[in-house]
Structure formats: structure tokens, C-alpha cells
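Subject: A structure for you to look at

Hi! I'm passing on the structure I mentioned, so have a look when you get a minute.

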Amino acid sequence: MSENKSFDELLLPVRNDIDRIDKELLKLFTERMQCAERVAEIKRKAGIPVLNAAREQVILDRVKKEAGEYGDSAVALYSAIMSISRARQHNMLKSGGVLRDLEQNSPKTLKADPRVICQGAAGAFSHSAALRLFPGQKPIFLPGFRDVFEAVHNGAGDYGVVPVENSDAGSVSEVYDLIMKHRMFIVGAADIPVRHCLCRAKGTGAVKKVLSKHEALVQCSAYLAAHDIETEAYSNTAAAAKFIAETRLEGVGAVCSAQAAEEYGLEVIAADIQNTDNNCTRFIVISREAVLPEDAEKISLCFSLPHTPGSLCHTLERFALLGLNLTKIESRPIPERNFEYDFYLDFTGNVHDVQTLALICALSDEMPRFSFLGNYKES
Ligand SMILES: O=C(O)C(=O)C[C@]1(C(=O)O)C=C[C@@H](O)C=C1
């Protein structure tokens, strides 16, 4: 430090330079945005899409080359500038018309007195979830997830209640795939605490093997391994309980809820055998039509991304720019497309918010595949 000057005094001239440069940058940024608006008007007349990936690549290659040692940083900066440019154009062109119609015209409340479909049998965790989500309704049980989706798809039921994720065992991938296959909307969600019991038919001997849903067996893996109990996957926890109550197979037990044990008159040998104390499963409500409450708080989307460097990062940045909090991201392989993926994204937000709707509409226009899955309340 020079003899008599403070750090502030030393910084002053360089900060003055930065302020002067920022002023110029801002002026140029504003001018560039006005160019983007002119481009949008031309695109409106010509009916061409906002995104032009080839043009963006030409710009990115050029700035990388011209910025020398700052090449990669310049690419990051220009990617952000062009993302903002696209967002402006999408707003002007009111992109994503289908989604805007959905936001305007979808019902805001769930149907009264609906027919609710669940997988499994009475006493299943889906049953608890259905009672939490639709108090007073008597759900209809079908054997598989596929049956639940088909029943809702063909109108035999209004809503289906299915699990999507467990805090210990992770996602139920079959359900994610069925959501896409049947183009269902998610219209509600609830987190249900999951406590498993080891049960047997009264009067049968020591349990050597248990039947239960695959996910439940995973959630109880530590206990079952410690007690040398063989496992066999069954369609559902409560269905397994019902099966062993009916067949009374010697040495065969079930892993199920205390309610299922009671429902089918089983003896509980050990309670709370799950690996973790706060074991919890998230259930969603699926529907053929969207329901978009004014106070919905969670949005789910599914999209694929172009195979370009940083495409996921730049997409997520757009959520950050609006202060939207991502609560889940998951990738699933796209059937028949080797090593290409759909991304499932959950974030807190409401589609009736103008900026959030604009972002979703912009993404729907830009992504190779895009589905808005729903905006719902969590109970
Ligand atoms: O040149 C265009 O077509 C534009 O829309 C402008 C612009 C940009 O900001 O440079 C924005 C979006 C396109 O994806 C490509 C480039």
C-alpha cells in the first residue's frame, strides 16, 4: 500500500472505470434487447419459432474465439444474454398458447364426491393416502398401477392415488413412466408416514420368507437381512397380507402396515421394522384433466433437453432468475431412444403468476419434448 493512501482511495479509479464500463454495457444490453424485440416482430409475421439454436451457436463460437483467455466465461455470459433475449421474445409473442388456455380455462377445484382409484387392497398405504386426500370417500382397489392409470384414462374413475417416491427407497419409476404414457395431470399430493410390520397368519410357525411390495422390502432390508428372512416381491403390501391370511402358508409372512395386519386378522411379530424412523412416501393424485387452484404451490414438468453443453444448467438458471425453488429433479430414459432422457422437475410456484406462466410457456416452445404435468396443493 502506498504511504498515505487507503485501500478505498486506491480502488477508486479502477471502480470509476468499472462504473463507466457498466454504463456502456447497460446501454449496449438495452440496445441488444431492442434488437431482440425487432426480431420478435419479424418472427411473429413469419410465424417462425423464437429459438434458433444454429444462430446461437454461431454467436457462441465467435465470442469464444474473440474473447481469448476469457472465452469460456464469454460463452456463459452470452448464453445468459440470449436466454434473456428469448424470454423477452416469448413474452411478446405470447408463446405456449395451449398452456395459456389451460391456465385460463381449467377448473380450480377438484370434483366433489369423486370416484377414487387405488392400487392394492384395503389397508395399503395408498388407502391411507386416499383417505387423507379425499376424506370420507371409499376408494376402489385395482391390482396394478397400470390398472389405476387405465381406469382413470378410460373414465372408470375420476382420480387415481399412486406413490411416486419414498424417502428411503427413492422414486417409483413405473408410475413416472405411466404418467407420460397416459398423459395424466397431477392434481394433488400428500406425504404419508410409512411404518412397516412383520406379520404372519395366526398359528403359523417362524417366518422364513416374507412377501411384500418390492419398495417395502427395500425399506425393511436391514431388519430382514439381520433376521435371515428371504424376500419375495408381491404386487402390494396389503395384497400380500391378504394372501398370507387366506393361504396360511407355513413359514411365510408379510411386510405390511398395522392397518393391513388388522384388516386381515394377522399376528404382528415385529412393528416398525423399516430402515429409517422418518420413512415417508409421497403419493400423487392423477387426473385426465388439469385442475389449477389459485393457491396451488407445486408445479411438475417433464421435458427433454437439446444435446448441447450446459443445456440443463441454462434451463435451471431460468428458474433461479425468477427465484423459483426446485424441489426435485429426476431423469428417466425415453423408451426406444437409446440414452436419451426426459427430466422431471418439481418446483414451488403457481401458474397463475404471470412470470412463472411465461417461463413455462417459453420452455414448452423451446424444448424438444415438453409436458406440463400440473400445479397442485400438497397436504
Ligand atoms: O437471431 C435471432 O433469431 C434471435 O432471435 C436473436 C437471438 C439473440 O438474442 O441473439 C435470440 C434467440 C435465438 O435463439 C437466436 C438469437
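Below is what turned up in it.

First, some ground rules. This is a predicted model, where local features need pLDDT of at least 70, side-chain atom pairs count only at pLDDT 80 or more, and totals for chains, interfaces and linings use all residues. Residues are numbered from 1 along each chain as its sequence is written.

On confidence, the protein averages a pLDDT of 94 (the predictor's confidence in each residue, from 0 to 100). A score of at least 70 is reached by 99% of the residues. For the complex, the predictor gives an ipTM of 0.99 and a pTM of 0.85.

Two domains come from UniProt (unreviewed entry; positions are in the numbering used here, feature names are shortened, and annotations may be inferred rather than shown by experiment). "Chorismate mutase" covers residues 5–93. That span is 87% helix and 0% strand (DSSP runs, numbered from the N terminus: helices are H or I, at least four residues; strands are E, at least two), with its end C-alpha atoms 55 Å apart. "Prephenate dehydratase" sits at residues 115–288, which are 33% helix and 34% strand, with end C-alpha atoms 13 Å apart.

Now the ligand. The residues around it (C-beta atom, placed from the backbone, within 6 Å) include Arg 55, Glu 56, Arg 86 and Gln 89. At least two shell residues come from each of α1 (7–46), α2 (53–66) and α3 (71–93), and α3 gives the most, with four.

Cheers!
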